[in-house]
Amino acid sequence: MSLLDHLIHTCTLQRSTVTGQDRYQRDIVSWAAVDTDLRCRLIEKTQRAFSDALAQFIVVTGYTLLLTASADAREGDRITDVQLEDGAVQTGPFRVRSMLRRRARALHHLSLDLEVISSATCRRKYH
């Protein structure tokens, strides 16, 4: 069984470009698709972790994405619109936190550690 038989999902890989700066000298970023309908496999891992701040167990979900070795993925890229085998779509977006190149005799596949991007992640806290 080849690697492609295991990549049962498809996704879109996006990369950011800085298009300018706003009046506060912050970069204005736009996202463009690098590759669409990219064969992949999204793996969801959940675990219970103890939170000292809440003094209780919470559920932490982590995501890993497997891609072919030829995929043009980088840290900081974004993954969107993951089409699962049952027809459901995980819209994400997911940020690529880190990337491991898995090797056998040659480069075999890429394993990406993903982080879910939510609106709460983008907000700033004001005191």
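These legends accompany three close-up views of a predicted model.

**View 1. Cys11 and Cys40, a cysteine pair without a bond between them.** Let's start with the sulfurs. The sulfur of Cys40 has its closest cysteine sulfur in Cys11, at 3.3 Å, which is too far for a bond. A disulfide would need the two sulfur atoms within 2.5 Å. Searching the whole structure turns up zero disulfides, and Cys11 is accordingly in none. Both cysteines are shielded from solvent in the computed areas: Cys11 counts as buried because its relative accessibility is 1%, and Cys40 counts as buried because its value is 0%.

**View 2. The largest nonpolar core, with 19 residues.** Here Cys11 appears again, this time among the residues that touch the most other members, together with Leu65, Leu67, Ile79, Leu112 and Leu114. Strands β1 (9-21), β2 (27-51), β3 (56-68), β4 (78-83), β6 (94-103) and β7 (107-116) each give two or more residues to this core. It is worth zooming in on Leu112: beyond its neighbours within four places in sequence, Leu112 is in contact with Tyr63, Thr64, Leu65, Leu67, Ala73, Val96, Ser98 and Met99. As a general backdrop, nonpolar side chains in soluble globular proteins tend to be buried together.

**View 3. A nonpolar patch on the surface, formed by Val18, Val29 and Trp31.** Now for the outside of the model. Together, Val18, Val29 and Trp31 have about 260 Å² of accessible area. Val29 sits in strand β2. With a relative accessible area of 42%, Val29 is partly exposed, since that class lies between the 20% limit for buried and the 50% limit for exposed.

Key: Residues numbered from 1 in each chain as written. Predicted model: local features only at pLDDT ≥ 70, side-chain atom pairs only at ≥ 80, totals over all residues. Heavy atoms only, no water. Buried < 20%, exposed > 50% of the residue type's maximum accessible area, 1.4 Å probe, protein only. Core = buried A, V, L, I, M, F, W, Y, C linked by side-chain atoms within 4.5 Å. Helix = DSSP H or I, 4+ residues; strand = E, 2+ residues; numbered from the N terminus. Contact = heavy atoms within 4.5 Å. Patch = residues over 30% accessible without salt bridge, like charges linked within 9 Å, V, L, I, M, F, W, Y side chains within 5 Å. Areas by Shrake-Rupley, 256 points an atom, 1.4 Å probe, with all protein chains shown as cover. Salt bridge = Lys/Arg side-chain N within 4 Å of Asp/Glu carboxyl O.
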